[in-house]
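Here are some questions about how features of this model get their labels. Each answer sets a value against the rule behind the label.

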Amino acid sequence: MQQTLNNGKYIASTQRPDGTWRKQRRVKEGYVPQEEVPVYENKYVKFFKSKPELPPGLSPEATAPVTPTRPEGGEPGLSKTAKRNLKRKEKRRQQQEKGEAEALSRTLDKVSLGETAQLPSAPQASRAAPTAASDQPDSAATTEKAKKIKNLKKKLRQVEELQQRIQAGEISQPSKEQLEKLARRRALQEELEDLELGL
């Protein structure tokens, strides 16, 4: 027994994560632990790993990245898609500003027309002050109206889709909620007409 201990190689006992111990193991001469075995690489992988990065004769200075000049419409180093998205965002923002300016000018016209009817003999300077003060609430009111109109149109579209599904036979027995939705159609149309006339 003594001789086998001296001739063999041993892996020392180790502790597991849960605190228990692994036994000491005897292994043959030349044993390599699994985690130290090199990964097999076929001849193609070896060839591409040994291949130089640059073609023969090309100096590394020639391939040094040139500092990019800023493109005409965007940030440096952006892809075509990113540049296109930036342009779209900018265009949307400009259209939104243009729409807000138009809505503001319309509300200014309404306010100034309404005040001239009320105060025909008032001087020009006194009329300008209330107009500037009432810009913000009017623009907020018009955006609220626009949201309500959009919401009402969406509800009407849903009602029409439901009606078409019932007529096509997709829904044979409409539920109580669906019937209520159909019954509200006329009221939604009237409310939408009132809001559109109010703009």
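**Labels and their grounds**

Glu190 and Arg186 are both part of helix H7, four residues apart, about one turn of the helix. The model is a predicted one.

Q: What makes Glu190 and Arg186 a salt bridge?
A: A salt bridge needs a side-chain nitrogen of Lys or Arg within 4 Å of a carboxyl oxygen of Asp or Glu. The N to O distance between the side chains of Glu190 and Arg186 is 3.5 Å, and they meet in a salt bridge.

Q: Why is Glu190 called partly exposed?
A: Partly exposed is the class between buried, under 20% relative accessible area, and exposed, over 50%. Glu190 has 40% relative accessibility, so Glu190 counts as partly exposed. Arg186, at 46%, also counts as partly exposed.

Q: Which residues are joined into one network by salt bridges that share partners?
A: Glu90, Arg93 and Glu97 are joined in this way. By the salt-bridge rule, the count comes to seven.

Q: How do you know that Arg185 and Glu160 tie together parts that are apart in sequence?
A: The side chains of Arg185 and Glu160 meet in a salt bridge at 3.7 Å, N to O. Arg185 lies in helix H7 (residues 185–198) and Glu160 in helix H5 (residues 135–168), so the pair ties together parts 25 residues apart in sequence. Arg185 counts as partly exposed at 25% relative accessibility, and Glu160 counts as partly exposed at 36%.

Q: What makes Glu41 and Lys49 a salt bridge, and is Lys49 buried or exposed?
A: The N to O distance for the side chains of Glu41 and Lys49 is 2.6 Å, and they meet in a salt bridge. Lys49 has a relative accessible area of 59% and is therefore exposed. Glu41, with 27%, is partly exposed.

Q: Why is the pair of Phe47 and Phe48 called edge-to-face?
A: By the ring rule the count comes to one aromatic pair. The ring centres of Phe47 and Phe48 are 5.2 Å apart and the planes stand at 70°, so the pair is edge-to-face. Rings pair if their centres lie within 6.5 Å, and planes over 60 degrees apart count as edge-to-face.

Q: Which residues form a nonpolar patch on the surface?
A: Tyr44, Phe47 and Phe48 form the patch, with about 390 Å² of accessible area together. Patch residues need over 30% relative accessible area. Tyr44, which is in helix H2 (residues 43–50), counts as exposed at 55%. Phe48 counts as exposed at 53%, while Phe47 counts as partly exposed at 49%.

Definitions and conventions: Residues numbered from 1 in each chain as written. Predicted model: local features only at pLDDT ≥ 70, side-chain atom pairs only at ≥ 80, totals over all residues. Heavy atoms only, no water. Patch = residues over 30% accessible without salt bridge, like charges linked within 9 Å, V, L, I, M, F, W, Y side chains within 5 Å. Areas by Shrake-Rupley, 256 points an atom, 1.4 Å probe, with all protein chains shown as cover. Helix = DSSP H or I, 4+ residues; strand = E, 2+ residues; numbered from the N terminus. Buried < 20%, exposed > 50% of the residue type's maximum accessible area, 1.4 Å probe, protein only. Phe/Tyr/Trp six-rings, centres within 6.5 Å; stacked < 30°, edge-to-face > 60°.
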